[in-house]
Amino acid sequence: MKVSYILLPIFIVTVFSNCSKDDEPKTTQAKWRGTWSNGWPSLFHDGEPYEGENFVVYSDKSSQAWRKEVSEKAEESLTDIMTRFNLVNEDFDFVPLQSDGKIDILTNYDQWNRAVAYRDGIIIRSKDGPNFFGDHQMWQYVFQHEITHVIEFLLIGTPNRSNSSSVWMREGFGNYGARNHRIQAVEELEAWQEKMKDVPGEGNPIGIVVWSDFPESVTDANTTTEYYGFFELGVRYLLDEENGNGTNIDNLKAYFEDLGEGVSYRNAFKKHFNLDSDEFRDNYWTIMTNYLTESE
């Protein structure tokens with residue numbers, strides 16, 4: 001399944017590692033793709049990518065066998081996401097920097113223990129590196145979460161509007177696309193409310209529209225991902241046609257399309273989910289309590 005794109009010229013960037021001389025891998029003057037060199041200047045690759053149908057997998061030190069495995073996992077995830085959201089190539093309106101219309105993956109051997117999606121691809125830790133601790137299921141959740149972000153950017157289309165959805169919707173969509181449905185019981189809602197009762201915003205996930213909406217105590221403690229299960233619960237409710245809001249996939253696609261055309265998050269949300277986002281925020285706990293009860 002080849003994803004079709006409109007293409008722009010190649011950008012050439014020379015990247016240098018900051019490793020010690022003994023450990024220094026081969027630096028490369030490559031057809032540098034995406035925004036790695038702007039956003040993450042310490043990252044590098046060795047110039048020996050593995051190329052699959054829809055993905056190109058780079059690494060600093062990982063084996064070619066691992067790069068091939070990542071490519072295969074990426075194809076499986078892409079198929080799963082596109083099938084789940086009833087997507088076809090024609091749904092995408094994406095303008096990447098790379099010349100071959102493929103999505104980049106940097107599988108980082110020993111520098112990061114985190115994952116990031118950006119407009120042209122994702123960065124994720126290698127399983128054959130020292131920052132992998134045997135958490136296979138979590139790695140897969142994170143991997144497919146980040147690919148779901150790229151799919152969102154493809155659907156929005158306009159590059160400078162990639163992040164125009166709300167944080168809660170974006171990260172909840174990522175977890176939903178990864179099938180990471182963490183919150184399953186009313187008791188988990190109640191425990192979260194009790195934990196966050198003295199925190200600004202009281203842990204209400206729908207209040208996190210932009211990143212600065214996270215309470216300072218949360219960002220300082222690096223615990224923003226604790227919100228993600230509640231973000232996903234909100235998205236799950238919206239897309240549940242049996243017990244939830246009943247929004248269909250066509251409306252979800254139209255929501256992203258409107259964001260790409262410059263419609264504000266709040267206006268696009270109200271139009272396509274038939275809900276006022278502020279009302280959803282104010283009634284989130286009651287709506288989710290009823291939803292989880294009915295879903296049991």
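**Salt bridges, a helix face and a sheet**

The structure holds 14 salt bridges; it is a predicted model. One of the salt bridges joins the side chains of R67 and D46, with N and O at 2.8 Å. This pair connects distant parts of the chain: R67 belongs to helix α2 (residues 64-84), while D46 sits in the loop between α1 (36-39) and β3 (50-51), 21 residues apart. Both partners are tucked away from solvent. R67 is buried, at just 2% relative accessible area, and D46, at 10% relative accessibility, also falls in the buried class because the cut-off is under 20%.

A second bridge pairs K271 with D258, and here the closest N and O atoms are 3.4 Å apart. K271 comes from helix α9 and D258 from helix α8, so the bridge ties together parts that are 13 residues apart in sequence. The two ends sit in quite distinct surroundings: K271 is exposed, with 58% relative accessibility, whereas D258 is buried at 10%.

Helix α9 itself (residues 265-273) has Y265, A268, F269, H272 and F273 as buried residues. Viewed down the axis of α9, these buried residues fall within an arc of 100 degrees, so they line one face of the helix. That side packs against other helices, namely α4 (167-177), α7 (228-239), α8 (249-260) and α10 (277-282). Helix α8 thus turns up twice in the picture of α9: as a packing partner of its buried residues, and as the home of D258, the salt-bridge partner of K271. On the face of α9 turned away from the buried side are the exposed residues N267 and K271. Just past the end of α9, N274 adopts a positive phi of about 55 degrees.

Salt bridges also form a network, one that links R266, D278, R281 and D282. Within this network, the side chains of R281 and D282 meet with N and O 3.0 Å apart. R281 is partly exposed, with a relative accessibility of 27%, and D282 is exposed at 54%.

Not every charged side chain has a partner. E146, in helix α3 (residues 136-156), is buried yet makes no salt bridge. For E146, the nearest side chain of opposite charge is that of R114, and it is 8.5 Å away, which is outside the 4 Å cut-off for a salt bridge. What E146 does have is a backbone neighbour: a polar atom of its side chain lies 3.1 Å from the backbone nitrogen of A117. A117 also appears among the residues in contact with E146 once neighbours within four places in sequence are left aside, together with A115, V116 and I122.

Turning to the strands, five of them make an open sheet in the order β3-β4-β5-β7-β6, with mixed pairing. The edges are β3 and β6 (116-118), each of which pairs on one side only. Strands of a sheet pair through backbone hydrogen bonds, in either the parallel or the antiparallel sense. In this sheet, β4 (residues 55-59) and β5 (residues 103-108) run parallel and share 5 bridges. S59 has T107 of β5 as its bridge partner.

Notes: Residues numbered from 1 in each chain as written. Predicted model: local features only at pLDDT ≥ 70, side-chain atom pairs only at ≥ 80, totals over all residues. Heavy atoms only, no water. Buried < 20%, exposed > 50% of the residue type's maximum accessible area, 1.4 Å probe, protein only. Helix = DSSP H or I, 4+ residues; strand = E, 2+ residues; numbered from the N terminus. Arc of directions from axis to C-beta. Contact = heavy atoms within 4.5 Å. Lys, Arg positive; Asp, Glu negative; His and termini not counted. Polar contact = N/O pair within 3.5 Å; in protein donor to acceptor, adjacent residues only side chain to side chain. Pairing = 2+ DSSP bridges.
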